[in-house]
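Got the structure open and want to find your way around? Let's walk through it in questions and answers.

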Amino acid sequence: MDNALRFRDDAPHEEPAVTLDAFIGQTNAGAVRLESDEDARKLIPYLGQLALIEVAFPKFRDGRGYSAARILREAGYTGELRAAGDVLVDQIPFMRRCGFDSFAPEADIDADALGRALAHYEHVYQKAADGRSPVWALRHG
Amino acid sequence: MYKYDEYDQAIVDARVEEFRDQVQRRLAGEISEDQFKPLRLMNGLYLQLHAYMLRIAVPYGTMDSRQMRMLAHIARKYDRDYGHFTTRQNIQYNWIKLEDAPDILADLASVEMHAIQTSGNCIRNTTSDQFAGAAADEVTDPRPWAELLRQWSTFHPEFSYLPRKFKIAVIAAEEDRAAMRLHDIGLQLYHNDAGELGFRVFVGGGMGRTPMVAPVIREFLPTADFLSYLEACLRVYNRYGRRDNIYKARIKILVHELGAAEYARQVEEEWAHVKTLGLDPPPGEFERIAAQFAPPAFETGIADTVDRSDPDFAVWLDQNVKAHKQPGYAIVNISLKPVGGIPGDASSAQIDLMADLAETYSFDELRVTHAQNIVLPHVKKAELYAVWQKLAAADLASANLDLISDIIACPGLDYCSLANARSIPLAQKIAKRFESLDRQRDLGELKLKISGCINACGHHHAGHIGILGVDRKGTENYQLLLGGSGAEDASLGRITGPGFDEDGVVDAIERTVEKYRTLRTDGERFLDTYRRVGMDPFKEAIYG
Amino acid sequence: MKLLTGNDLKTGDVVWWTGSDWSRHVAEAADVDGHGEAIAAEEEAARRVNAPYVIDGEQTPQGPRPGHIKDRIRALGPTVRLDLNIKPADPKAGSWVI
């Protein structure tokens, strides 16, 4: 997989991701791909067996995948959650906050630019799926 | 007023550096205009007709004099010595250079200001009642809730690539001075029968191509977990709002297509889950913010009367000064609508003067209104005359608040790349036609609103009289609408019939208001008369 | 005639293609009939212009005049602030737009 950016310590899951329909039909796969118009909640009964969920971003303006990621993390999914497609460097910080921990962008991501993008904000206002403490929690100990 | 702590300041400072980085990458060719556009828009930077335009956030319309002076400084240093106050309580500049934008943001950050999310398909600046904290009729100050919303919505990781832009307004009075029901989400604070404070939640209002007045989707939302409820509202929208057609992407279309009851049901279902996640700040956070909006140190036992012996002052007093909840004080409205002027524009000298007046006479506070005017919220009645004299010397004492010449107008084709027709010259012609203040006051409250295209930035649907500019085979043409309101009696205007050229629409307005004068009963506003008699008599007066 | 226009990437200024470069003045604009899109693509890629597009215009004794009012306003400046126009000294500038 070219351009892969992975923020996990475990070994990459090499099994190709199947479509949601194929997955629901057989349910023994360990990797599934969710299109942007598909309902992430359909995967909730199977999260324990999944090692990789790939969420499609057909256009960078299509933000449905951010909600899909949070829904999966809020349901307890701990496997690899990959954003794939039209993923831009300035979006990756938000995606990380929503629970994505690997990225398969169509176009090359400049490593320096990504490093800077991820380092800009020491503080965040909201609790999200990345475990960071929002400023209201820091303010009130 | 809210003051940044180290965290707020760190976030705004980081934003300056992030945007500086993004601009450099654009200028170096590392990102394309298509990729840069959403990034610059999320920082309020447009490419308009003559240059870049920068929109700066004025959260819930509240500023102090230091911030106001910074707006004058930006106008002088980076623009052409003026700014334009907008219907969303913000300010925008028309002649900005892309290469200057990061420095402007750095200047803004030095006074706790920014341009974050003043455009783009994200949650925009939360608007509120310009009389908040001063209004005699409010149940509480809505601004602490608006500040909680500002923080919650700033760089919200899940809701920064929504199907379309998203506007929230919060008010705390029965009288709606913020066009709350014409927002994607409108929140009205009130006490229920048990005496508890909560929100009535309206979702799916808006103007634009398909105007809608928002329905209630929850009659009473307790304040404690309102952010998780909004999180649920937005999540349903982010997942199911239409992305196939930009003209159908606003939440109003989703709510309309699902029906308010079904949308509300989906939100409740999502909320049942979301509110278990601990997303809501603790009560102490609200208390921390609310403490900063404590009333200023009003003097008590001071004179509650005003010397009306100067007749020009008395007219301004009656028209532009409103009741304050504190005896001895009043709310001053500064009209940015002089006859012949550009609605909402102020020179840097005028901006500085208004800052000075706020510092001297209004506990250092100013407000921007959705009608593109400025408010000094806390002025001692004994000092009103002095304030008026200083305003008059700067062409800021037009006594026309809510009268026919207090026109909301979008920038139109003089500035905007989306516009089909010019709005400002028409506003000027109408104001000129009705220049006589006696005539304006005889006509009474008459909210006239002009948009230069169907996007409705000039709120034409919500005007008692509305005007929509269209392009008819390359020439400017104007449709006339009657009967809209953005207030608590919200309604959408109806088109009278065929459109007019610029002079024709001014004549049509004159025929309309003259007809109203013959039809009105005692105390009836134009809007009341229209609602009583309907469109037909006006149509006949206009088209004969 | 066809005119090629856009905005300067760094400053946002309205600019017109003269045949060899960009000018702030529409009077210096060249007829780009048939090759405007190619120039636009090349100049945009070189980051010498932002958001270029080709419009209809006509040749007049005063020089090229854009066919649509929007581009005439772009060429001149806002009709409500003639003091900010590109030719603020010209009292007849406003009537050129309408």
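## Cores, bridges and interfaces

Q: Which residues does Phe85(B) touch, not counting those up to four places away in sequence?
A: Keep in mind that this is a predicted model. Leaving out residues up to four places away in sequence, the contacts of Phe85(B) include Met63(B), Met68(B), Leu71(B), Asn90(B), Ile91(B) and Leu336(B). The rest of the list is Gly344(B), Ala346(B), Ile351(B), Val368(B), Gln372(B) and Ile374(B).

Q: Which residues touch the most other members of the largest nonpolar core?
A: That core has 147 residues. Helix α6 of chain B, residues 226-240, gives the most to this core, with 9 residues. As for touching other members, the top spots go to Leu71(B) and Phe85(B).

Q: How many residues are in the second, separate core?
A: Some of its members are Ala409(B), Leu426(B), Met535(B) and Ile542(B). Altogether, this second core has 29 residues.

Q: Is Ala249(B) buried or exposed?
A: Ala249(B) sits in the loop between α6 and α7 (251-258) of chain B. There it touches Pro163(B), Arg164(B), Tyr237(B) and Arg242(B), not counting residues up to four places away in sequence. Its relative accessibility is 1%, and the cut-off for this class is under 20%. So Ala249(B) counts as buried.

Q: How many Å apart in space are Ala249(B) and Ala72(B), C-alpha to C-alpha?
A: In sequence, 177 residues separate Ala249(B) and Ala72(B). In space, their C-alpha to C-alpha distance is 36 Å.

Q: How many salt bridges does a search of the whole structure find over all chains?
A: Side chains of opposite charge can pair when their charged atoms come close. Some of these pairs join up: a network of salt bridges links Arg6(A), Arg8(A), Asp10(A), Arg33(A), Glu35(A), Glu54(A), Arg73(A), Glu80(A), Arg82(A) and Asp101(A). Over all chains, the search finds a total of 82.

Q: Which residue forms a salt bridge with Lys429(B)?
A: The closest N and O atoms of this pair are 3.0 Å apart. It links distant parts of the chain, from helix α13 (residues 424-433) to helix α15 (residues 502-519) of chain B, 74 residues apart. Lys429(B) is partly exposed at 32% relative accessibility, and its partner is also partly exposed, at 41%. That partner is Asp503(B).

Q: How many residues apart in sequence are the parts that Arg433(B) and Glu510(B) tie together?
A: The side chains of Arg433(B) and Glu510(B) meet in a salt bridge, 2.6 Å from N to O. Arg433(B) is in helix α13 of chain B and Glu510(B) is in helix α15 of chain B, so the parts they tie together are 77 residues apart in sequence.

Q: Which residue of helix α15 of chain B pairs with Arg439(B)?
A: Arg439(B) belongs to helix α14 (residues 437-443) of chain B, and its partner lies 75 residues away in sequence. Their closest N and O atoms are 3.1 Å apart. Arg439(B) is partly exposed, with a relative accessible area of 22%. The partner is Glu514(B).

Q: Which three residues supply 20% of the area that chain A buries against chain B?
A: The contact takes 35 residues from chain A and 46 residues from chain B. The area buried between the two is about 3900 Å², with carbon and sulfur atoms giving 55%. The trio that supplies more of chain A's part than any other three residues is Tyr121(A), Tyr125(A) and Arg139(A).

Q: Which element gives the most to the side of chain A that touches chain B?
A: The count between chain A and chain B is 12 salt bridges, including one where Asp39(A) and Arg239(B) meet at 2.4 Å, N to O. The elements giving two or more residues to this side are α2 (64-74), α3 (92-98), α4 (111-119) and α5 (135-139) of chain A. With 6 residues, the one that gives the most is α2(A).

Q: How many salt bridges does the rule find across the interface of chain C and chain B?
A: Here 23 residues from chain C meet 31 residues from chain B, and the area buried is about 2300 Å². The rule finds 13 residue pairs in polar contact across this interface. For salt bridges, the number is 0.

Conventions. Residues numbered from 1 in each chain as written. Chains lettered and ligands numbered in written order. Predicted model: local features only at pLDDT ≥ 70, side-chain atom pairs only at ≥ 80, totals over all residues. Heavy atoms only, no water. Contact = heavy atoms within 4.5 Å. Buried area = accessible area lost by both parts, 1.4 Å probe. Salt bridge = Lys/Arg side-chain N within 4 Å of Asp/Glu carboxyl O. Polar contact = N/O pair within 3.5 Å; in protein donor to acceptor, adjacent residues only side chain to side chain. Core = buried A, V, L, I, M, F, W, Y, C linked by side-chain atoms within 4.5 Å. Buried < 20%, exposed > 50% of the residue type's maximum accessible area, 1.4 Å probe, protein only. Helix = DSSP H or I, 4+ residues; strand = E, 2+ residues; numbered from the N terminus.
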